[in-house]
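Me: I would like a close look at one helix in this assembly, followed outward into the chain that holds it and the surfaces around it. Please take the parts in a connected order.

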Amino acid sequence: MADLPIWHYDTLFLTLALLFGITALAMQNLMGAAIVFGAYSFLMCLIWTTMGAVDVAFTEAAVGAGVSTVFIFATIYNTGVSATPNSPRIAFKIFAGLIAFGTGAFLLSALPDFPDWGDPKSPVNSTIAPYYIANSITDAHVPNIVTTVLADYRGFDTLLETTVVFIACIAIYSILRIDNAKSKVTEPDIITSPPAYDPTDSLIIRQASRIMVPFMQLFALYVIAHGHYSPGGGFQGGVILGASIILLSISFDLKHVLQQWTEKKIMILTALGVLIYAMVGLACILMDGVYLDYAALDSVLPGDEAYARSHGILLVEIGVGITVMFSMIGIYINLASNGRFDRGL
Amino acid sequence: MIKHLPIFIVLAPLLGAVFAALTSWYRPKLSFPVVLSGLFISFLSSFCLIFKLLNSESGIIHYQLGGWGDKGEYGIVGIQITVDYLNSLILTAVTIISLLTAIFSSQSVNRELAGQQRYFFALFSLLVTGLLGITITGDIFNLYVFMEIAALSSYALIAYGKGRSYMASFNYLIMGTMGACLYLLGVGFVFVKTGTLNIENLSLLIPQTLQASQAVFVGFVLIIVGAWAKMAFFPMHGWLPNAYTYAPTASGALLAPLATKVSVYAMIRIMITVYSIDYVLKSPNIQTAALLLSSISILVGSFFSLTQTNLRKIACYFIVSEIGYMVGGAWLANDPGLKGAVYHIIADAAMTSALFMVIGCILFRTGQVELKKLDGLFYKMPITFIALVITMAALIGVPPTCGFFSKFYLIQGAAQAGTWHFVGALLISSLIKAVILFRIIEIGYNKVPNPAKEGNKTIPRDEAPLSMLIPTLIVTLSLIALGIFTDTLITDFIAKALPEIPAP
Amino acid sequence: MEDIIPKFNYIVVVVLMMTGLWSMLAQGNLIKKCIGMAIFQTGIILFFISIGAKNDALIPILTEGANHTFDNPNIDKVTNPLTQILMLTAIVVGVATLGVGLALAQKVYQQHDSFDEDEILNNQTK
């Protein structure tokens, strides 16, 4: 297998990423800024691939470049606003510039103290990480070391991360959701309504997405299931599943998607994934282990202790995938329809 | 089951929230009891753990999640949660206050958020999960994730207030995320030089070998500044008054006493355990800067509270000045200062909780909290008024309330260290709070002619409902109880939590 | 110059982070603040990944050897998995915060018909 050339592309990508980031912040047109931000995320994804962080790059491609850009779009689409400031706020900008400059200089003052870039003997690479690399197969029979660390060694962090996604979904729901029939609070309606859906619009997009969506979902299920052996896992698969439904709701009408995936179904299934994860941990306690110690489950799961860990990891990844999928769908629908759940982008 | 108590403390509110989120679609009335039972299990677990801690010889209870403990030369490989003398009291305080606030808020939620409160109690419980997690965790990256759980829930809880709360919550989001990102960056700088994230392992590594490392120092400053942004320490306090004033009663009553204090605990934990007191004393520039900012924070909070007429805004500026007490006490880095700071975390949580609950009662019955319009409050709601007076007395520092003892320790510590500007700020803030108390008494009691006398207008008694009144009274009476039991708390818990402090 | 080139990556990362931080503080437009927040967070993630990278190392997924068994991996040739885990969590937390920020910005827009902070402040005090 060819060695990863860390040096050659790195400098080019880094400089380009910096340029894209500055452009995204400087653009007046908000839609353009969102697109440049998407390009910036893709560049980041490439940089991380060259540094050997494939799982992270996969997640950034799905979450950062994919879903984040769509969220920003959904927020600003109905507003049609460009970012021309009424007052240039010079004093503010100079003051903030001083703070940023000072902080940057302070951070760079530690530079001589850092280990050499790429040094395999630096403290980061020689304290805990060698244990993970050496024992991932013997402990859990999982070749993807990142998955083992994510779901087993540091499984508690992943439970909390899934909870964060769940909180984001219900928080956005609580902030935005307006049920015009039931609510006693009247909100001012300044946003211009999007144009009515015309079925003869964008025939190509509709047909193409009709073909693509089943393959996307199949691939996403593969990513979740094969996360033990290749880059992937619960998060990436869940985001791709969510993105497939978002694609349907962009290319067709949001109403059609909502007939199939009702509001109640989406919000209940969001909570279900966190429940699965937490319950797997509780099952470990009932089987006389510690919380999230999958080896305690080896009496009910097939195989020996190491395989029990492997199956336990798969169970929690499924839980993560379910929560992430429905959270992404829920967040998108709330943002795109301004909480009204009637019409989207 | 007993050995699993530490994880139950965090797991019970989390599962309570998830179940509440599920039941809110089928039987919405069940959400409240489900969340209440989760909080109650958490309270029982933390209470039992205090006794277990007192009975253990080492004074620390560890719980290795996933079964991954010490692997010899590699150190601790998994995530560990720890209960020791420093955080056991804070855990119990957080669980009790959240339980009482939940009982307190059922009526006000029904009135203020009618028809929209599907996920309110789930978010309530998730906020408590985040706060308990910050207190109990033994891993600095895990602390970041719990911090974000608490933060996201609080943004949503504040935004329930409608109106101006959206912009306030957005500003809180920007400031809070900046703080969390700086914290994460600090964790990164520490990680570069040590390779481990476990607090116990770091406490062995950093004081021994990495005293002179610039990267570890930069990490220290970044973590501290990140924690300051989260606790509304001057100059990053701008988000707090707006955010807590425009939030609904229940959110304010939960956020105000707990969210900022737990960030103070996180700062103290990093200062004492990860780095050591020795390290703090060896960086005098940061120490002087921190003490100066504390004094300014106290003065700014006190002066701004004088200019406000809204009782809630006054309370919010009180919080800003109280944070100044705690940060200053911690950075004095001597024995009485640290004792005062840790004791004040618990005392201030109780005082702020009582204050916000009282304000909630007043808002519930009279519909507004402008100071000028509260004429004759003593006659209308006598019990609530007396609770308000007791709470203000505790904030001023009148014995035997807990406020007196924390000020006593803080002043003693500042005098020992020679930081006279801190002593001055403490005394001035007490004076200003006394002025505000007299103003309240005058408006509530003196302004209206006594209805008991002949020929004067009668004012009907309209006390707050029992479900709101009883928690308020419990917390108010605890202020006095905390004061009476100060000695036990200090010698049995807080003194054992602090490490050996090198003599000046 | 000899000193700077090996550490050039760190300098670019710091500049990237400070651009995001400046934007969060100074920009008046709410959406630009959110984008600045995202750039700050991706900059931090890049920082973490850089410190876990190793020269001439392969990705942290072990491949099967000759007899469908896994040999003991050469630790120096496998990229550090720990930093990657931490950053997976950070990415997800970042997108969650971005989502909540965008929802709040949309609600503010519904009230005041503007994303500009100064206009909103003027509107509020009227």
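Reply: Helix α8 of chain B, which covers residues 214-230, is 17 residues in length, and in this predicted model the helix reaches 24 Å from its first C-alpha to its last, close to the 24 Å expected at 1.5 Å a residue. Of those 17 residues, 14 are buried, so α8(B) is largely enclosed by the rest of the structure. Just after the helix, Ala232(B) adopts a positive phi of about 60 degrees.

The chain around this helix comes next. Chain B contains 20 helices and two strands, and buried residues account for 62% of its 504 residues. A compact globule with 504 residues would have a radius of gyration near 23 Å, and the 22 Å of chain B agrees with that, while the C-alpha trace of chain B spans about 85 × 60 × 45 Å along its principal axes. Among the contacts in chain B with a separation of 6 or more, 78% join residues 24 or more positions apart.

One of the residues in strand β2 of chain B (residues 79-84) is Ile79(B), and this residue counts as buried because 24 other C-beta atoms lie within 10 Å, where 20 or more are required. Leaving aside residues up to four places away in sequence, Ile79(B) touches Leu65(B), Asp139(B) and Asn142(B) in its own chain, together with Arg154(A), Phe156(A) and Asp157(A) of chain A. Ile79(B) and Tyr155(B), by comparison, are 76 residues apart in sequence and 27 Å apart in space, C-alpha to C-alpha.

The contacts of Ile79(B) with chain A lead to the interface between these two chains, in which 47 residues of chain A are in contact with 51 residues of chain B. On the side of chain A that touches chain B, at least two residues each are supplied by α4 (90-108), α5 (123-126), α7 (145-153), α8 (155-176) and α12 (263-286) of chain A, and α8(A) gives the most, with 14 residues. By class, that side of chain A divides into 30 nonpolar, eight polar and nine charged residues.

The nonpolar packing can also be followed through the largest nonpolar core, which has 371 residues, and in which Val164(A), Ala168(A), Ala171(A), Tyr332(A), Leu123(B) and Leu152(B) touch the most other members. Helix α6 of chain B (residues 165-194) provides the largest share of this core, 20 residues. Leu123(B), taken individually, touches Ile170(A), Ala171(A) and Ser174(A) on chain A as well as Ser153(B), Ala156(B) and Leu157(B) on chain B, again not counting residues up to four places away in sequence.

Chain A also meets chain C, where 79 residues of chain C are in contact with 95 residues of chain A. The elements that give two or more residues to the side of chain C that touches chain A are α1 (8-26), α2 (30-52), α3 (81-112) and α4 (117-125) of chain C, with the largest share, 25 residues, coming from α3(C). The residues on that side of chain C comprise 49 nonpolar, 20 polar and 10 charged.

As for confidence, the model scores ipTM 0.94 and pTM 0.94, and chain C averages a pLDDT of 85, with 90% of the residues scoring at least 70. Where pLDDT is low, the predicted coordinates should not be read in detail.

Terms used
Residues are numbered from 1 along each chain as its sequence is written. Chains are lettered from A and ligands numbered from 1 in the order in which they are written. This is a predicted model: local features need pLDDT of at least 70, side-chain atom pairs count only at pLDDT 80 or more; totals for chains, interfaces and linings use all residues. Helices (H or I, at least four residues) and strands (E, at least two) are DSSP runs, numbered from the N terminus. The expected span of a helix is 1.5 Å times one less than its number of residues. A residue is buried if 20 or more other C-beta atoms lie within 10 Å of its own, exposed if 12 or fewer, and partly exposed in between; C-beta atoms are placed from the backbone. Two residues are in contact if their C-beta atoms, placed from the backbone, lie within 7 Å. Ala, Val, Leu, Ile, Met, Phe, Trp, Tyr, Cys and Pro count as nonpolar, Asp, Glu, Lys and Arg as charged, and the others, Gly among them, as polar. pLDDT is the predictor's confidence in each residue, from 0 to 100. A nonpolar core is a set of buried Ala, Val, Leu, Ile, Met, Phe, Trp, Tyr and Cys residues joined through C-beta atoms within 7 Å. The radius of gyration is taken over C-alpha atoms; the globule rule is 2.2 Å times the number of residues to the power 0.38.
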